[in-house]
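Here are a few notes to help you find your way around this one. Have a look at the picture first, then take the points in order.

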Amino acid sequence: MVTSGPCDDHSPAKSINVLQLKAFGGLWLTGDDARPIVREGLRRQLRLLALVAEAGERGISRDRAIAFFWPEGDEERGRRSLNQMRYTLRRDLGVDPLIGTRTLRADPANLVTDVGEFLAAIAAGNAEHAAALYAGPFLEGVFGDGSAELDALIEERRAVLKGSLESALVSAARTAEAGGDR
């Protein structure tokens, strides 16, 4: 279980069952009560969660994640670092938001993402819902801590997601106009 909100000796924390990752317009993690979950040292882990969530069912290979987050290190050291990152997520959040070992995917039982909902809305042709979820560019203000490859991927995915929304809205407008609804 994860806790959120003020936590001191006098006020008990609230248990959280499902994590919600918001990656449009910034990057933050919330629990059931919509309060941000703040943990020191989770920034890198949240970027990993956002990229895995955006990848959807195809996920991200372990080797690609290592190349993004530890571009200068050797492969074995990168694997240990990735395993440590996943351990930290499980320990600090109380649930494992990722599934897989060779290919990392978001676990829908433990993690709901605005990007996942957005992609599902686009696939279903629900441009209105997709537009409501799009609170700003993907990972706005988030950078790859010196990894040029990660920065390039974030920029690429921002453009793709924005383009998906624009195409869906244009298509919805054309459909409405063809039906006489201006």
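1. Start with the sheet, bearing in mind that this is a predicted model. It is an open sheet of three strands, and going across it the order is 4-3-8, with mixed pairing. Strand 4 (28–30) and strand 8 (111–113) are the edge strands, so named since each pairs on one side only. If you look at the twist, neighbouring strands here are turned against each other by 25 degrees on average, direction ignored.

2. Now zoom in on one pair. Strand 3 (residues 19–22) and strand 4 run antiparallel, and three bridges join them. Want a landmark? Find Leu21: the residue opposite it in strand 4 is Leu29.

3. What packs on the sheet? That's helix 4 (residues 114–123), which touches strand 3 and strand 8. The direction of helix 4 makes about 60 degrees with that of strand 8.

4. Next, turn to a pair of helices. Helix 2 (residues 62–69) and helix 6 (residues 148–178) have axes that come within 7 Å and cross at roughly 110 degrees. Angles of 65 to 115 degrees count as roughly perpendicular, so that is how helix 2 lies to helix 6.

5. Which residues meet where these two helices touch? From helix 2 come Arg64, Ala67, Phe68 and Phe69, and from helix 6 come Glu149, Leu150 and Leu153. Sorted by class, this contact between helix 2 and helix 6 has five nonpolar and two charged residues, with no polar ones.

Conventions:
Residues numbered from 1 in each chain as written. Predicted model: local features only at pLDDT ≥ 70, side-chain atom pairs only at ≥ 80, totals over all residues. Heavy atoms only, no water. Pairing = 2+ DSSP bridges. Helix = DSSP H or I, 4+ residues; strand = E, 2+ residues; numbered from the N terminus. Axes fitted to C-alpha atoms, helices over the stretch in contact; angles between N-to-C directions. Contact = heavy atoms within 4.5 Å. Parallel < 35°, antiparallel > 145°, perpendicular 65-115°, else oblique. Nonpolar A, V, L, I, M, F, W, Y, C, P; charged D, E, K, R; others polar.
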